[in-house]
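Here is a quick tour of a protein model for someone who would rather be at the bench. Have a look at the fold before reading on.

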Amino acid sequence: MFCGIFLPLFVVLPCGWQLTSGSELLRNESGVRVGMAGRWSSPVMAENNNDECDLVMNYSVADRCAFVKKTPDCSMEDGFINYLEVAFCLLPPNLTPLTISFCIIWLFFLFIILGLTASKFFCPNLSAISSSLRLTHNVAGVTFLALGNGAPDIFSAIAAFSHPHTAGLAVGALFGAGIFVTTVVAGSVALVKPFTVASRPFLRDVIFYMVAVFWTFLILYRGTVTLGETLGYLGLYVLYVVIVIISAFIYNRQKYSDNTSVQNVTHVPDFHSSDSSDDDVPCLTGRSIHQEYESEYRPLLPYSESTSQILLSSLNPVDNRRWRRKSWKWKVLKVFKTPLEVLLLLCIPVVDPDKEDRNWRRPLNCLHLITAPLVCVLVFQSGAYGNYMIQGQFPLWLLFLLLGLFVSAIVFCSTSNDCPPRYHSFFALLGFVVSAVLISAAASEVVSLLHMLGVVLRLSNTVLGLTLLAWGNSIGDCFSDITIARQGYPRMAISACFGGIIFNMLFGVGLGCLVQMLQTHADVQVEPEGLLTWILAGSLGLSLVLSFVIVPLCRFHLGRAYGIFLLIFYVIFLIIALLTEFGKIRVT
């Protein structure tokens, strides 16, 4: 799968030096977007067009570094690294392909950081917060769980909307991830495990997603997002949550009345009925499974670890029992992930409600009180506060370090290794904040890196968003949904396909535009990058309409023929998108 992500870059790498993308556009002085004059357009003309950074490839090799340094549009303030200076100034021009290769490897690790932080830290802490608030499964599923699963997409969209020249990444990623999940992932689920989908939840999710896509299409057509429309995006998701809760309440009430009408008969949910709700599918990560796994390896005699042993075992992300059972592919990937996991374990606390001690690790949790606030200060807004001085004399990071040491000493002296304190749930909130900051920082790096690749390879932000960014953020969903389907829960997988992307679309656009409005105090300008954006939006809308028509005609049975149809649809869409990007398909 990872090879499938990065192969298109190596395919277009040689082409990027000779072809001018059909979606490369300039802006004339009146604000109207016009087609680029060609690869060898005059630098003087480029300077008269607001010095957009995409024009760097029009200059000679010797002048590109100076252009990048003096052009404000190339500053890339939202990342730790200025990748354009790395590509054009750090290494000689003849080593640019090597630079691109290193950047692709770094992109691979950024996606791993996003996935690890979301799955290992962000989601468990959200689960702990929802259990502490005693939320029902429906409310937690469409709020906290959706936020946890869609965290990379949401933060990537917020980072992309922060600048007009990267807004195409957000549009491409949200639409691209939507069409990828609803075709490739949903089609794979239907191929792996043909089943009958729950009719009412399926129609509800498809209708809401079609409304969100059509609304976004209108915004792209108008080119402006107002505050009312932004709040409308967020309000539409609130309406979706309310309908999910009400429908689940009505269904459970009907099921209860049916159960009470039958005496001495235990009701067993019918998983093949088209009227079943989303709650019929049991949770795979229930408390009983986890407790059975722990009780199997629980020592017969009481044994207490020392503080140093607890710290060392807590920082070890490799389970020896699982290591022996896994395949060599899993082991190779685990070797790459282990250093990153250790660093994340040092910085982010995790509260696990499924464990008896709720994952209380006294020495590590006390260390988190020092490292977590320090990481937030150094990473927030790409390190903008790392050098901040209070009244020009005292570093901000040193203040947080001293406060962390003081609080950590108090907690260490007032707690024990065996029993978690009453305020242990606070660590879930701390872990949520730190993981959100790290995901936001990694997403900003991904957006900056993809923007550099688009400039160097002469690819539009939209095509990078619908390919690399969409695939990278959807890999976890793809693997998890197919695995769930293989385990015999295809309805849970198909619900995740449509329910999660509704949250990503509405909150990705809504929250991204709202953050930008709060910073600029003006409406957000969203400028579609030519024909490719309309093909992307039209393809996503067409796939949803076809699913809305075909699935009811098939009596809500998703078979292998439907799965093959969805996969073919995505391949055709991807071919048309790439041909449009390279100017083979154009509107005359």
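What follows covers confidence, overall make-up, the cysteines and one helix.

## How far to trust it

This is a predicted model, and its confidence varies along the chain. The protein chain has an average pLDDT of 75, with 76% of the residues scoring at least 70. Helix 16 (residues 396-414) comes out highest, at a mean of 93, while strand 2 (residues 33-35) is lowest, at 31.

Two stretches call for some care. Residues 1-51 stay under a pLDDT of 50, and the model gives them 91 contacts beyond four places in sequence. Residues 263-297 are also below 50, with 59 contacts beyond near neighbours in sequence. Where pLDDT is low, the predicted coordinates shouldn't be read in detail.

## The chain as a whole

The protein chain has 21 helices and 8 strands. Out of its 588 residues, 48% count as buried. Take the contacts between residues at least 6 apart in sequence: 78% of them join residues at least 24 apart.

As for the outside, the accessible surface is about 28400 Å², and carbon and sulfur atoms account for 65% of that.

## Cysteines, paired and not

How many disulfides does a search of the whole structure find? Just 1. It links Cys65 and Cys89, whose sulfur atoms sit 2.1 Å apart. Cys65 belongs to helix 3 (residues 64-70) and Cys89 to helix 4 (residues 83-90), so the bond ties together parts 24 residues apart in sequence. The torsion about the S-S bond is about 115 degrees, which makes this disulfide right-handed. Cys65 is buried, with 19% relative accessibility against a cut-off of 20%, whereas Cys89 is partly exposed at 26%.

Why is Cys366 not bonded to Cys413? The sulfur in Cys413 is the closest cysteine sulfur to that of Cys366, but at 8.5 Å it's too far away for a bond. Cys366 is also buried, at 3% relative accessibility. Cys554, by contrast, is partly exposed, with a relative accessible area of 38%.

## A look at helix 20

Helix 20 runs over residues 531-553, and its 23 residues should span 33 Å at 1.5 Å a residue. The C-alpha atoms at its ends are indeed 33 Å apart, so the length agrees.

Which residues of helix 20 are buried? Among them are Leu532, Ile535, Leu536, Ser539, Leu540, Ser543, Leu544, Ser547 and Val551. An α-helix has 3.6 residues a turn, so residues three or four places apart point the same way. After helix 20 comes Arg555, which has a positive phi near 60 degrees.

Key
Residues numbered from 1 in each chain as written. Predicted model: local features only at pLDDT ≥ 70, side-chain atom pairs only at ≥ 80, totals over all residues. Heavy atoms only, no water. pLDDT = per-residue confidence, 0-100. Helix = DSSP H or I, 4+ residues; strand = E, 2+ residues; numbered from the N terminus. Contact = heavy atoms within 4.5 Å. Expected span 1.5 Å × (residues − 1). Buried < 20%, exposed > 50% of the residue type's maximum accessible area, 1.4 Å probe, protein only. Areas by Shrake-Rupley, 256 points an atom, 1.4 Å probe, with all protein chains shown as cover. Disulfide = S-S within 2.5 Å.
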